[in-house]
Structure formats: C-alpha cells, structure tokens
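Me: I am new to this structure and would like to go through it step by step. Could you take my questions in turn and show the reasoning behind each answer?

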Amino acid sequence: MSQHDEGHTVAGWTGTAIATVGSGLLGLGVCTVSAAALAAGLAVCAVSVLVTWYLHLAGWGKPPGPRPRAQWPLRVRDTGARDGHPGCVSCRLAGRGRRTASALQPVSAAGEAEPATAEAGG
C-alpha cells in the first residue's frame, strides 16, 4: 500500500461509484442519441462531485499527502476535517482553513513579502 493512501476513503469510493453510474448513463445517451440520457448522466456526475465534497467535509475524506499508518483503514474518520486541511481546495471552497488577517502580508511589485511596519502617527 502506498504511503499516501490517496483516495482510499469512504468519500473517494462513494464518489467514484456514483460517477461510474453517471458515465454509464452518458455512454448510453451517446449510443442511443438520447438527450434525456445525456442530461441524466451529467446530473448524476454533478451529484457525485457534491456527495464526495460533502463526505470529505464530514470527515470521511482524508487530506492530501502522507498520513500516519493508523489512519490508513477505510473506516477511520478524519477528526481534523472541521478545521480544514492545509492546502485542500475542497476545504477552502467550504470556508475552512482560511488564513487570518494577521497572517496575510502585503506583497511588493517584485513579488517579495514586505516587512510589517508600524505607521507613524502624527
């Protein structure tokens, strides 16, 4: 088993199963030239994305990157999902794990972070 264990989660397997059904409906729609089957296939594929995202945010998906061996089994829920995973696009879209205003630094035109300076009053 890989050290990253990417996708071996309830969210990953559920999303893949739903997307497989959607892809099958899309293929059926192409073969039978059926607009209804194409629309249903696209709808099921969209649902698969939303279900996977929901399960990830509920703790049934894992953050990217290496994880401790104790977190590899499929039935282990991720307790850090509530705070958001660092570098996770899904968590950022849900408003989790955003940087605070104190962590943001202005960037100069050269692309370098400017040092924090106190404004002189007076």
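**A serine in the second helix**

Me: Which backbone oxygen does the side chain of S48 reach?
Reply: In this predicted model, the side chain of S48 comes to a backbone oxygen at a distance of 2.6 Å. S48 itself is found in helix α2, and the oxygen that its side chain reaches belongs to C45.

Me: Is S48 buried or exposed?
Reply: Leaving aside neighbours within four places in sequence, S48 is in contact with G15, I18 and A19. The relative accessibility of S48 is 6%, and because a residue counts as buried when this value is under 20%, S48 is buried.

Me: Which helices do the buried residues of α2 pack against?
Reply: S48 is one of the buried residues of α2, and the others named with it are A37, G41, C45, L55, H56, L57 and G59. The buried residues of α2 pack against two helices, namely α1 and α3.

**The chain and its first helix**

Me: How many helices and how many strands are there in the chain?
Reply: Read from the N terminus on, the elements run α-α-α. The chain has 122 residues, of which buried residues make up 22%, and its count of elements comes to three helices and zero strands.

Me: How far apart are the end C-alpha atoms of α1, and what span should its residues give?
Reply: The helix α1 covers 10-32 and has 23 residues, which at 1.5 Å a residue should span 33 Å. The distance between its end C-alpha atoms agrees with that expectation, so both the separation and the expected span are 33 Å.

Me: Which residues of α1 are buried?
Reply: The buried residues of α1 pack against α2, and the contact of S48 with G15 joins a residue of α2 to one of these buried residues. The full list of buried residues in α1 is A11, G12, G15, G22 and G29.

Me: What is the phi of V33, the residue that follows α1?
Reply: V33 is found in the loop between α1 and α2, where it is exposed, with a relative accessible area of 73%. Its phi is positive, although V33 is a residue other than glycine, and the value is near 50 degrees.

**A nonpolar patch on the surface**

Me: Which residues make the nonpolar surface patch?
Reply: The accessible surface of the chain comes to about 8,500 Å², and 63% of it belongs to carbon and sulfur atoms. On this surface there is a nonpolar patch of about 420 Å², to which α2 (35-60) and α3 (89-93) each supply at least two residues. The residues that make the patch are L50, W53, V89 and L93.

Me: What is the relative accessible area of L50, and what is that of W53?
Reply: L50 and W53 are both found in helix α2. L50 is exposed because its value is over 50%, whereas W53 counts as partly exposed. The values are 51% for L50 and 31% for W53.

Me: What separation is there between the C-alpha atoms of W53 and L93?
Reply: Not counting residues up to four places away in sequence, W53 touches S90, L93 and A94. W53 and L93 stand 40 residues apart along the chain, and their C-alpha atoms are separated by 9.8 Å.

Key: Residues are numbered from 1 along each chain as its sequence is written. This is a predicted model: local features need pLDDT of at least 70, side-chain atom pairs count only at pLDDT 80 or more; totals for chains, interfaces and linings use all residues. Side-chain values use heavy atoms; hydrogens and water are left out. Helices (H or I, at least four residues) and strands (E, at least two) are DSSP runs, numbered from the N terminus. Buried means under 20% relative accessible area, exposed over 50%, partly exposed in between (1.4 Å probe, protein chains only). Accessible areas come from the Shrake-Rupley method with a 1.4 Å probe; for residues, only the protein chains shown count as cover. Patches are made of residues with over 30% relative accessible area and no salt bridge: like charges are joined within 9 Å, nonpolar side chains (Val, Leu, Ile, Met, Phe, Trp, Tyr) within 5 Å. A salt bridge is a side-chain nitrogen of Lys or Arg within 4 Å of a carboxyl oxygen of Asp or Glu. Contact means heavy atoms within 4.5 Å. A polar contact is a pair of N or O atoms within 3.5 Å; within protein, one must be able to donate a hydrogen and the other to accept it, and residues adjacent in sequence count only if both atoms are side-chain atoms. The expected span of a helix is 1.5 Å times one less than its number of residues.
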